[in-house]
Amino acid sequence: MVGADDNSGGSIPDPPPAAEIEQFFRAHWEGLVRGLLAEGAKVWEAQDAVAEAIREALRRWPTLTNPAAWVRVAARSHWLKHRSRVTHADGEVLVADVEPFDESRTNDPALTELELEEWFSQVLDKLPPARREALRLSAQGLTPAEIADVVGKTPEAVRTALKLGRRQAVELWQQPREGGGER
């Protein structure tokens with residue numbers, strides 16, 4: 001330990017080796033979370049409690065003789081403290097007021113645009129990298145010459161990538177239709 005012989009004040013202990021922490025985390029995380037789930041915790045509550053307990057254990061690592069047992073007790077304690085602070089209603093209601101479904105909003109332009117963006121992203125993910133990049137930049141409003149400058153290719157190569165990318169995107173879009181799937 002650097003400065004171990006220095007008597008100038010309180011010493012800060014060396015952190016545990018990263019490999020040791022990772023091994024501990026991988027070996028015990030799931031079991032610790034499942035233990036709290038078995039006691040009635042929700043998944044997010046169990047994960048939060050275990051994460052906080054591990055965070056505390058890291059600060060105390062050099063002094064812990066049985067880190068797994070210490071973290072198990074600390075995680076349970078964190079969960080019980082959280083549970084006692086949050087009333088049932090506070091813990092269950094994440095959105096206080098939800099508007100009733102309005103049939104007139106079924107053709108929401110913002111939602112349609114979001115769905116198209118999501119579909120476009122999914123189609124692009126299936127394309128080869130050069131075509132994907134060219135189409136994404138084109139969708140952002142760049143011209144083939146500007147795209148060529150960005151990606152370091154000739155404008156002709158970009159135009160070819162755009163042409164082939166558009167053709168392949170149309171083919172991908174039509175595949176589910178041919179199989180009887182709905183769009």
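In which helix of the chain is confidence lowest, and in which is it highest? This is a predicted model, in which local features need pLDDT of at least 70 and side-chain atom pairs count only at pLDDT 80 or more, while totals for chains, interfaces and linings use all residues. Residues are numbered from 1 along each chain as its sequence is written, and side-chain values use heavy atoms, without hydrogens and water.

The pLDDT (the predictor's confidence in each residue, from 0 to 100) has its lowest mean, 49, in helix α4 (residues 88–92) and its highest, 90, in helix α7 (residues 144–151). Helices here are DSSP runs of H or I, at least four residues long, numbered from the N terminus. Over residues 1–7 the pLDDT is below 50, and it is also below 50 over residues 177–183. Where pLDDT is low, the predicted coordinates should not be read in detail.

The largest nonpolar core (buried Ala, Val, Leu, Ile, Met, Phe, Trp, Tyr and Cys residues joined through side-chain atoms within 4.5 Å) has 19 residues, of which Phe 24, Leu 36, Val 50 and Val 71 touch the most other members. Helices α1 (18–38), α2 (43–60) and α3 (67–85) each supply at least two of its residues, and the largest share, 6 residues, comes from α2.

Apart from this core lies another, of 13 residues, including Ala 134 and Leu 135. In helix α6 (residues 129–139), Ala 134, Leu 135 and Leu 137 are buried (under 20% relative accessible area; exposed is over 50%, partly exposed in between, with a 1.4 Å probe and protein chains only). Seen down the axis of α6, the buried residues fall within an arc of 165°, so they line one face of the helix; the arc is that of the directions from the helix axis to the C-beta atoms. On the other side of α6, Pro 129 and Ala 139 are exposed.

Conventions:
Contact means heavy atoms within 4.5 Å.
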